[in-house]
Amino acid sequence: MKYLYILIFLIPALTLAQDDLFSEIDVDAQEDYKSAAFKGLKIVNFESTKMISTKELYFVVSHRFGSIETGFEDFFGLDQAVTRLSLRYGITDGINIGVSRSSFRKIYESSIKIRLLREKKGGSPVTIVSSSNLLINTSLDKDILPGLEFKNRLGYTTQLLISKKFNSKLSLQLMPTFFHDNYVDVDEQHNSQYVIGFGGRHKLTKRLSLNFDYGLHLNRAESSPFVNPFSIGLDIETGGHVFQLHFTNAQPMNTNGFLGQATGDWGDADVFFGFNLSRVF
């Protein structure tokens, strides 16, 4: 069974060999399609409907410092930073895959995004993308958790990303999300959890936009110490690339983490500063 889970984890990477099959559902760019609602692959924490072009490879460095509430004691979170490294590849314009590793709980993750509909003048009023992830939490310790099995390390997410570009400045996105962790920190918490995400982008200047996203958790346990994730950020476009700076109350950067384990309180300045930096090959 362990090897079956490993195979499932590798499925997105193995789909590279299926380029001919996937090309059948690829959508060619045409003038009547609207330009992307978002410039970055993420709004802040949530995935956006932006897709990577065919055969492009993105290397993304995501960094999240500790809480700025600590002040000079931890140099405003510098001493408690976590990092996530990821590779994203465009099999086609409508199918992207990725792998990542986060220092938060030493999580390895694979992902796949598939564009189902594309916003078009006189056609679909929205862009719809499905996004799915499978993760392995390698930080769980058998000495602390007797009876720990490989399956307990697994978690997965599936969500629909529904965006609309209202005009040249304003884009909004809705993200109904289901995620499941085989191991949860709170005994009363259901392993399967549901979230409705909201996000948006407002263009301030030619190269600068203000972004936000928020996740409303629908079945969080009453005894849970975790809170709903809320994030605000700036996208800075530089020579075709987007540099993202943001503040958020969730330090984890993988989907299950920021949805289910946000701990910060904006009212107490218990928030985390971070950035996303990408390189295209």
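**Questions about a twelve-strand barrel**

Analyst: The protein's secondary structure comes to three helices and twelve strands. This is a predicted model: local features need pLDDT of at least 70, side-chain atom pairs count only at pLDDT 80 or more, and totals for chains, interfaces and linings use all residues. Residues are numbered from 1 along each chain as its sequence is written, and side-chain values use heavy atoms, with hydrogens and water left out.

User: What makes something a helix or a strand here?

Analyst: Both are DSSP runs, numbered from the N terminus: a helix is H or I with at least four residues, and a strand is E with at least two. Helix H2, for instance, covers 19-22, and strand S1 covers residues 57-67.

User: How are the strands arranged?

Analyst: The twelve strands close into a barrel, in the order S1-S2-S3-S4-S5-S6-S7-S8-S9-S10-S11-S12, and the pairing is antiparallel. Neighbouring strands of this sheet are turned by 20 degrees against each other on average, direction ignored (axes are lines fitted to C-alpha atoms, for helices over the stretch in contact, and angles run from 0 to 180 degrees between N-to-C directions).

User: How do you know that S1 and S12 pair?

Analyst: Two strands pair if DSSP finds at least two bridges between them. S1 and S12 (residues 272-280) are joined by eight bridges, so they count as paired, and they run antiparallel. Arginine 64, for one, has glycine 274 in S12 as its bridge partner.

User: What about S4 and its neighbours?

Analyst: S3 (residues 95-102) and S4 (residues 107-117) pair in the antiparallel sense over eight bridges, with valine 99 opposite serine 110. Ten bridges join S4 to S5 (residues 127-137), again antiparallel, and serine 111 has asparagine 133 in S5 as its bridge partner.

User: Why is histidine 63 called buried?

Analyst: Buried means under 20% relative accessible area, exposed means over 50%, and partly exposed is in between (1.4 Å probe, protein chains only). Histidine 63 has 18% relative accessibility, so it counts as buried. This residue is found in strand S1.

User: What makes the link between histidine 63 and threonine 83 a polar contact?

Analyst: A polar contact is a pair of N or O atoms within 3.5 Å; within protein, one must be able to donate a hydrogen and the other to accept it, and residues adjacent in sequence count only if both atoms are side-chain atoms. The two side chains come to 2.8 Å, so the pair fits the distance limit. Histidine 63 also touches other residues, including Met253, Phe273 and Phe275, where contact means heavy atoms within 4.5 Å.

User: Is serine 102 buried or exposed, and what does its side chain sit by?

Analyst: Serine 102 is buried, because its relative accessible area is just 1%. This serine has its place in strand S3. A polar atom of its side chain lies 3.1 Å from the backbone nitrogen of phenylalanine 104. Leaving aside neighbours within four places in sequence, serine 102 is in contact with Thr83, Arg84 and Ile107.

User: Why is arginine 105 called partly exposed?

Analyst: Arginine 105 has 28% relative accessibility, so it falls between the two cut-offs. The loop between S3 and S4 holds this arginine, and its phi is positive, about 60 degrees, although it is not a glycine.

User: What stands out about that phi?

Analyst: Most residues other than glycine have a negative phi. Alanine 269, in the loop between H3 and S12, also has a positive phi of about 60 degrees. At 37% relative accessibility, alanine 269 counts as partly exposed too.

User: What makes a group of residues a nonpolar core, and which ones matter here for touching other members?

Analyst: A nonpolar core is a set of buried Ala, Val, Leu, Ile, Met, Phe, Trp, Tyr and Cys residues joined through side-chain atoms within 4.5 Å. The largest one has 15 residues, of which Ile43, Phe46, Met175, Val195, Phe258 and Leu259 touch the most other members. Strand S7 (170-181) and helix H3 (255-260) each supply at least two residues of this core.
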